[in-house]
Amino acid sequence: MMMTPVAEPPEYKRLNQRERAAALMLALGQEHGAPIWEQLSIDEVKELSQSMSQLGRIPSSLVEYLLNQFQAEMSSMSSCHGSYETTERLLNSVLDADRVKEIMEDIRGPSGRTMWDKLSNVNEGVLAGYLRNEYPQTIAVILSKLRSDHAARVLGALPRDIAVDVVQRMLRMETVQKEVLAQVEATLRTEFMANFARAQRRDPHEAMAEIFNAMDRSTEESMLSALDARSPDAADRIRSLMFTFEDLGGLLPASIAVIVRQADKRQMALALKGAPENIRSLFFSTMTERSAKLLREDMASMGPVRARDCEEAQSALVRLAKNLADMGEIVLVDPKSDDTMIV
């Protein structure tokens, strides 16, 4: 049977060769595509799947052009849609489940990253906290696969005796057997990355607490009062998660000293001018006698100041404290308990 010629659609030239192949495989589907998928290497499947998952909507004219030999079947097809879900369904029909899982984990997220790329995007403190409970040889294998700059930060975050042991093992390490590496990857995928993904699902109350922290005092109190009337449980939860200027009074002196060094001196003077006496005393106690005297003089020379200006300066100090905590430079007190935590 002679095939009817199909004019080249304008979308065709906008696709590269890999995208054209991906569109063709998507249109072929399970029945006609299975023999081709089975002949591809794992890297080829990954590359093709990556392109397929990003295709979006494919016009029927382009499908017909790519599948000219199936014109009769394709002419009634208005479009097909490439997404992670359709890609995964198609792969599941032609490949075993473990292979599909590996492929989809690699193509989801930034640029088809591997397990080792994913680990390189995990905060070094979080990764070190997990690794410190592993055997030093396992840690050595994992760090040998990370980028050198990230491996250096993770080593620095590990306890010194463990870090030195790991360095020695890395120096003596020979080529890691493929089976061992596969086992380490599987453990990381099922234990660490799965738990890490669950931990990353942030409580929306935490995000809202940060928004409320950034408000001026009057707006914050007004919003929380209104929320009290509609959803008192949510308001209480947000209050419990907020870290306010008054909470600075519960910080360790060493943490206050870091804030004092990092803070804008004019802003700190304005914040303390409207602060309770216990917080003023805590800040002054971490300074030298001369620095405390100069700060008191700055506060006195300001004369009367607007309460709103003091509140804005206090909010800036809170943001500074939280930024320093995020970098691991200070210890914050968790307002929800009597314990302390390193953020």
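## Helix α10 and its surroundings

In this predicted model, the buried residues of helix α10 (residues 148-157) are His150, Ala151, Val154 and Leu155, where buried stands for under 20% relative accessible area with a 1.4 Å probe and protein chains only, and where helices are DSSP runs of H or I with at least four residues, numbered from the N terminus. These residues lie on the same side of α10 because they cover an arc of only 140° around the axis, the arc being that of the directions from the helix axis to the C-beta atoms. Among the elements that cover the buried residues of α10 are α7 (115-120), α8 (124-131), α9 (136-145) and α11 (160-172).

## The nonpolar cores

The largest nonpolar core has 34 residues, of which Phe245, Leu248, Ile259, Met268, Leu272, Phe283 and Leu317 touch the most other members; such a core is a set of buried Ala, Val, Leu, Ile, Met, Phe, Trp, Tyr and Cys residues joined through side-chain atoms within 4.5 Å. At least two residues of this core come from each of α16 (253-262), α17 (265-273), α18 (277-285), α19 (289-301) and α20 (307-326), and α20 gives the most, with 8 residues.

## Confidence

The mean pLDDT of the chain is 76, and 76% of its residues reach 70 or more, pLDDT being the predictor's confidence in each residue, from 0 to 100.

## Basis of the values

Residues are numbered from 1 along each chain as its sequence is written, and side-chain values use heavy atoms, with hydrogens and water left out. Local features need pLDDT of at least 70 and side-chain atom pairs count only at pLDDT 80 or more, whereas totals for chains, interfaces and linings use all residues.

Terms used
Buried < 20%, exposed > 50% of the residue type's maximum accessible area, 1.4 Å probe, protein only. Contact = heavy atoms within 4.5 Å.
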